[in-house]
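Let's work through a few exercises together. Have the sequence and the 3D view open, and try each task before reading its solution.

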Amino acid sequence: MITLALSKGRIFEETMPLLAAAGIEVTEDPDKSRKLILPTTRPDVRVVLVRASDVPTYVQYGGADLGVTGLDVLLEHGNQGLYQPLDLKIAACRLSVAVRAEYDYANAVKQGARLKVATKYVNLAREFFARKGVHVDLIKLYGSMELAPLTGLADAIVDLVSTGNTLKANQLVEVERIMDISARLVVNQAALKLKREPIRRIVDAFASAVPQT
Ligand code: PRT
Ligand code: MG
């Protein structure tokens, strides 16, 4: 049995065409079913639905053989024990710093101010500001980072941006782009040895279906 870990939402939806290229179709709709393990048209392949931030953990410890996860999640989690064969070029966005439109970020940085930064990505944010030599107090949040600068909880946020509509709707502006993000295929290293052939076939099919840029 090959187990693929996916999160509901954009990762699930954008992975479906790649699975189809491997001749695999998920036979149940995750939005209609309460099942956490979904069968596919291939009796030897199943999909497990996990929280996006849990995908690397499932694959690392062998709860799944493969998984699809954002580079943001992967870098924040650390990629120990994970073989990362492919950039799938799906669920693309960027990790950025944003502040209230009135806030003079450039000047605060220039003055050597100590910034309060709210984010779910504390490790990535710490590394980024340390590299710039900017002192920060990091505030860990689990959701709606956009609210933090609006309520005075933080001076800045580090969050994902795709269209920029969420920032705009909340009068926030993107002041620095930290990195480009896309979803990655990750494989458990032991599974890669034990189930080499079937995993290889899936990886190859995904590779040939990745949108070329
Ligand atoms: O939502 P939930 O708390 O259940 O989990 P999650 O947010 O971890 O999962 P999900 O499905 O929302 O995101 C999974 C992965 O998709 C992320 O890890 C990213 O790699 C990728 N991705 C791509 C995004 C976005 N684009 C994105 N725009 N993840 C989140 N967003 C959010 C962003 O955080 C912000 O709140 O969308 C908002 C901004 O979008 P725009 O279009 O308004 O700029
Ligand atoms: Mg989300």
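**Exercise 1.** Which residue in β10 does R100 stand opposite?

*Solution.* Keep in mind that this is a predicted model. Start with the strands: β6 (residues 93–100) and β10 run antiparallel and are joined by eight bridges. Now go to R100, and you will find L172 of β10 opposite R100.

**Exercise 2.** Place this pair of strands in its sheet: what is the strand order?

*Solution.* The order is β8-β7-β9-β6-β10, in an open sheet of five strands with mixed pairing. Next, find the edges: β8 (136–140) and β10 (172–181) each pair on one side only. Neighbouring strands are turned by 30° against each other on average, ignoring direction. Finally, add the helix: α5 (residues 122–132) lies across β6, β7, β8, β9 and β10, at about 170° to β8.

**Exercise 3.** At what angle do α1 and α9 pack, and which residues make the contact?

*Solution.* Helix α1 (residues 10–21) and helix α9 (residues 196–209) pack at about 115°, with axes 8 Å apart. Their crossing is right-handed. From α1 come T15, L18, L19 and A21, and from α9 come A205, F206 and A209. Sorting these contact residues gives six nonpolar, one polar and no charged.

**Exercise 4.** Which element gives the largest share of the largest nonpolar core?

*Solution.* This core has 31 residues, and those with the most contacts inside it include L185, I199 and F206. Helix α9 gives the largest share, five residues. To explore further, follow L185: among the residues it touches are L66, V68, V203 and F206.

Key: Residues numbered from 1 in each chain as written. Chains lettered and ligands numbered in written order. Predicted model: local features only at pLDDT ≥ 70, side-chain atom pairs only at ≥ 80, totals over all residues. Heavy atoms only, no water. Axes fitted to C-alpha atoms, helices over the stretch in contact; angles between N-to-C directions. Helix = DSSP H or I, 4+ residues; strand = E, 2+ residues; numbered from the N terminus. Left-handed = near helix turned anticlockwise from the far one by under 90°. Contact = heavy atoms within 4.5 Å. Nonpolar A, V, L, I, M, F, W, Y, C, P; charged D, E, K, R; others polar. Core = buried A, V, L, I, M, F, W, Y, C linked by side-chain atoms within 4.5 Å. Buried < 20%, exposed > 50% of the residue type's maximum accessible area, 1.4 Å probe, protein only. Pairing = 2+ DSSP bridges. Lists of a residue's contacts leave out its neighbours within four places in sequence.
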